[in-house]
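Take a moment with the sequence and the model below, and turn the model around a few times. Then we'll walk through it together, one piece at a time.

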Amino acid sequence: MMRRFRLAVVALCLPFLLILALGIVASASWAGDIAPKGKKVAVDAQGHDIYQVDANGIRIGYKLIGSGDPLLLLTGLGCTMERWMPEFIEAASQKHQLIIMDNRGMGYTTDNEQPFSYELFAKDALGLLDALGVQKVDVLGYSQSSVTTQTLLLDSPQRINKAVIHATSTDGKAVTAFFEHADLPENSTIKKQLQAAMHWKTPLEKMPLIQNPVMLLVGTEDKVVGTQSSTILAGLIPGAWLVQFKNGTHHLQFEAPAAFAQIVLTFLSMDETIPAKPHP
């Protein structure tokens, strides 16, 4: 009788123990949503609050959308935090809490007249994370900020989980040459961004040292950066994914927002690392 009673107790407890174990695993990977810090300065068209926080010598404008593990979105040259496709934001915010910031000198982020560099942009991003109390994030860096993402992976890999490097370049001079013939607004910040690009060259010899999971994402018809840089980096970074959208341009997320969101979220959700087997 006592043995049957013990078996019954075990049977009753197993579902609870399973739920408890799953809860422990979930809490280990997600410690709860980030609370906004700093001063509320505006509300966007969708009703999301925009804040400014002091970090790295400037005031950084940002907003938080959604719930889940944090995903930092870094936008491109001449863009503000509004330059993300609504369909992508909607899909991504169902799985992640999005941290969307304005780059230095754009939108709600100020500029303290320091010379622009990707190292400086990376420190801005880390400054925002520090101000929010965030130790580690996934990152999606687009165009100009794809190079900021390269810099974060090289200089601060311990702060990054996974990284999506979208529409990137290993040689900023080639990108600057393209924009010499583009119809850009007369804006001093954009000129400084182009100057930062002019002086960028990826240290290719260091890329094999990156251990973070990385995906290179590019359109085959991207006339701004081309596909070669993404292909080169995917071959150098251990285990990197390379995803090329046929006929996609530099504005890929606007051309295929659903597929763009699907591949980004698939990459971020997968654990594609096989545990190493012990040597016999």
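**A walk through the sheet and its cores**

Let's start with one pair of residues: Leu73 stands opposite Leu140 in β6. Keep in mind that what you're looking at is a predicted model. The strand β4 pairs with β6 in the parallel sense, over 4 bridges.

Now look to the other neighbour. Strand β5, residues 96–101, is joined to β4 by 5 bridges, and these two strands run parallel. Leu73 turns up here again, with Ile100 as its bridge partner in β5. To get from β4 to β5, the chain passes through helix α2 (residues 86–92), making a right-handed β-α-β crossover. And is β4 mostly covered or not? It is mostly covered: of the 6 residues in this strand (69–74), 5 are buried.

Time to zoom out. How many strands form the open sheet? There are 9, and if you step across them the order reads β1-β2-β3-β5-β4-β6-β7-β8-β9, with mixed pairing. At the edges sit β1 (39–43) and β9 (241–245), each of which pairs on one side only. From one strand to the next, the twist averages 25 degrees.

Helix α7, residues 228–236, packs on this sheet, where it touches β8 (214–219) and β9. The direction of α7 makes about 160 degrees with that of β9.

Further along the strand order, find β6 (residues 137–142) and β7 (residues 160–166), which run parallel and are joined by 5 bridges. Within this pair, Val139 in β6 has Ala163 of β7 standing opposite.

So much for the strands; on to the nonpolar cores. Which residues have the most contacts inside the largest one? They are Leu73, Phe88, Met215, Leu217 and Val264, in a core of 37 residues. That's our Leu73 from the opening, back once more. Helix α9 (residues 257–269) gives this core its largest share, 7 residues.

Val264 is a handy spot to look around from. Setting aside residues up to four places away in sequence, Val264 touches Phe88, Val164, Met215 and Leu217. Three of these names, Phe88, Met215 and Leu217, are also on the list of residues with the most contacts inside the core.

There's one more stop. A second core, separate from the one above, has 34 residues, and among them are Ile60, Leu72, Ile165 and Val214.

Conventions: Residues are numbered from 1 along each chain as its sequence is written. This is a predicted model: local features need pLDDT of at least 70, side-chain atom pairs count only at pLDDT 80 or more; totals for chains, interfaces and linings use all residues. Side-chain values use heavy atoms; hydrogens and water are left out. Two strands pair if DSSP finds at least two bridges between them. Axes are lines fitted to C-alpha atoms, for helices over the stretch in contact, and angles run from 0 to 180 degrees between N-to-C directions. Contact means heavy atoms within 4.5 Å. Buried means under 20% relative accessible area, exposed over 50%, partly exposed in between (1.4 Å probe, protein chains only). A crossover is right-handed if, with the strands pointing away from the viewer, the path from the first strand over the helix to the second runs clockwise. A nonpolar core is a set of buried Ala, Val, Leu, Ile, Met, Phe, Trp, Tyr and Cys residues joined through side-chain atoms within 4.5 Å.
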